[in-house]
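I opened the notebook on this chain with a plain list of things to look up: helix crossings, sheets and the largest pocket. My notes follow in the order I worked.

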Amino acid sequence: MLVTDHKDDSVSTRPLVLVVDDESTQRLLMRQTLTRAGMMVEEASNGAEAVHLFERLSPDLVLMDIMMPIMNGIEACSRIRRLSKGMDIPIVLITGLNDHDSIQRAFDADATDFITKPVNWALLNHRVRYLIKAGETFGALRESESRLSFAQKIAKLGNWEWDFATNQLKGSDEAFHIFGLQPQVLDNALKVLIKLAHPEDREAVSETINQAIADREAYSIDYRIILTEGILRSVNLEGEVIYAQNGEPRFMRGTVQDISKRKEAEDQILHLAYYDSLTGLPNRAHFKNLAARKLNRAKNDGTKIALLFLDLDGFKRVNDSMGHETGDELLKIIAGNLSECLRSNDSVGKAGPLSSSDSALSRLGGDEFTIILDGLNNWIPVARVAKRILDQLCRAEIVDGHEVF
């Protein structure tokens, strides 16, 4: 806690030191030395009192004797470290010159430093000032790390480092959270990164990372990882190789970001662009892409393609007499019937416009549908499919309690 004095409109900030010792003479000498050096001082006579005052005052440094009644300095140091404000505050313990056991126990209790008796009063204030500055720097660093960690959590972005010398993978908490792992140091870094990837994406991940090392270039790749629960997560992995002075690769450092929501949004946009919202069938744009792709394939392998164009007789009458909602229900029924009519080897599915899937049933709009049959050597299968469709569509359908032909 920095104490501010107001004198003649000038402002000076003075650090607060908590002096803890069961000997009043020792406390007095410390107070005089530190006060002359421009510091504020509060006193406690034992460890228990020190913990209580620390919670209330939040001092900038604790100067504490080890050997005290009620609660010794080592126990008090350990308890202060467990407080929310006690993680980064410098705690200096005072011990006898040859008390090596106490010195070791002091560091085990996370003491910042120790001073041996008799105390060198001339150097005390310089040492205290140095430790306060170091504590402020360390606290600022921890606060910066905390803000970075919070920002990474919001952005679902983590950082990682692969040490080529040890072949170990380290990373931020958020990076391990994205990977679905507990924070830890992992051996066989490249194998871990590849193993986390979806089997269909592992080769691409491996080639991208190895190529980046060979070309000395940064890289960015989107791929899927499999969490322990079997859930898929889409991530973006970026990395860059850091080289030593002799030109040897030393580290690979980078970021990993959870882009699952972005990928879901892209898929939804893609679906809206290439699929009919009413029937779920590929739309006119999808049909054009699919037809062009299948024509090229037919030219290359010497097979034939059939295009069936279908519209519904009397559909306008259904819309006019029963309403558009009934018409929409009828279109959904027809789309389902058409899908059932076409066997799987007749190339029916629902794939993206750039997929290699043989999706062939599309709704162009209104009551118009198209069907592409490819990989043909003669026209007999086309006639068979056409007859099956006509037979199915000639049956009556019940829509909203009405029989429709």
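**Entry 1: a helix pair.** I fixed the term before using it: a crossing is right-handed if the near helix is turned clockwise from the far one by less than a right angle, and left-handed if anticlockwise. I also noted that I am working on a predicted model. Which hand does the crossing of helix 7 and helix 8 have? I read it as right-handed. Helix 7 covers residues 189-196, and its axis runs 8 Å from that of helix 8 at an angle of about 145 degrees. From helix 7, the contact takes Leu190, Leu193, Ile194 and Lys195. Helix 8 answers with Arg202, Ser206, Ile209 and Asn210. I sorted this contact by class and got four nonpolar, two polar and two charged residues.

**Entry 2: the six-stranded sheet.** I traced the strand order next. The sheet is open, its six strands follow the order 9-8-7-12-11-10, and the pairing is antiparallel. Strand 9 (186-187) and strand 10 (219-226) are the edges, each pairing on one side only.

I then went through the pairs. Strand 7 (residues 157-163) meets strand 12 (residues 249-258) over seven antiparallel bridges. There, Trp160 has Gly254 of strand 12 as its bridge partner. How many bridges join strand 11 and strand 12? I found nine, again antiparallel, with strand 11 spanning residues 232-243. Asn236 faces Gln257 of strand 12. Strand 11 and strand 12 make a hairpin, with five residues between them. I checked the turn: Gly247 has a positive phi of about 90 degrees. Strand 10 and strand 11 are held by eight antiparallel bridges. In that pair, Ser220 is opposite Glu238 of strand 11.

**Entry 3: helices on that sheet.** I came back to helix 8, residues 202-215, from the other direction. Helix 8 lies across strand 7, strand 10, strand 11 and strand 12, and runs at about 150 degrees to strand 10. Helix 9 (residues 260-274) also packs on this sheet. I listed its touches as strand 10, strand 11 and strand 12, with a direction about 125 degrees from that of strand 11.

**Entry 4: the three-stranded sheet.** I moved on along the chain. Here an open sheet of three strands has the order 13-15-14, with antiparallel pairing. Why is one side of strand 13 and of strand 14 left without a neighbour in the sheet? Both stand at the edges with a single partner strand each, so one side of each has no neighbour there. Direction ignored, neighbouring strands turn by 25 degrees against each other on average. I counted four bridges between strand 14 (361-365) and strand 15 (residues 368-376), which run antiparallel. Gly365 has Glu368 of strand 15 as its bridge partner.

Two helices pack here. Helix 10 (residues 284-301) lies across strand 13, strand 14 and strand 15, at about 20 degrees to strand 15. Helix 13 touches strand 13 and strand 15, and its direction makes about 15 degrees with that of strand 13.

**Entry 5: helix 12 against helix 13.** I looked at the other face-to-face pair on my list. The two axes come within 10 Å and cross at roughly 145 degrees. I scored this crossing as right-handed. Helix 12 contributes Ile334, Asn337, Leu338 and Cys341 to the contact. Helix 13 contributes Arg388, Ile389, Gln392 and Leu393. By class, I have five nonpolar, two polar and one charged residue in this contact.

**Entry 6: the largest pocket.** I saved the pocket for last. It holds about 330 Å³ of space. Which residues lie nearest its centre? I noted Leu312, Asp313, Ile334, Leu393 and Phe405, out of 16 lining residues. Ile334 and Leu393 also appear in the contact of helix 12 with helix 13. Strand 13 (304-311), helix 11 (315-322), helix 12 (324-341) and helix 13 (380-393) each give the lining at least two residues. I classed the lining as eleven nonpolar, one polar and four charged residues.

Terms used
Residues numbered from 1 in each chain as written. Predicted model: local features only at pLDDT ≥ 70, side-chain atom pairs only at ≥ 80, totals over all residues. Heavy atoms only, no water. 1 Å grid on protein atoms, 1.4 Å probe; cavity = no way out; pocket = protein on both sides within 12 Å on 5 of 7 lines; lining within 4 Å. Points joined across faces, edges and corners; volume = space filled by probe spheres on them. Nonpolar A, V, L, I, M, F, W, Y, C, P; charged D, E, K, R; others polar. Axes fitted to C-alpha atoms, helices over the stretch in contact; angles between N-to-C directions. Contact = heavy atoms within 4.5 Å. Pairing = 2+ DSSP bridges.
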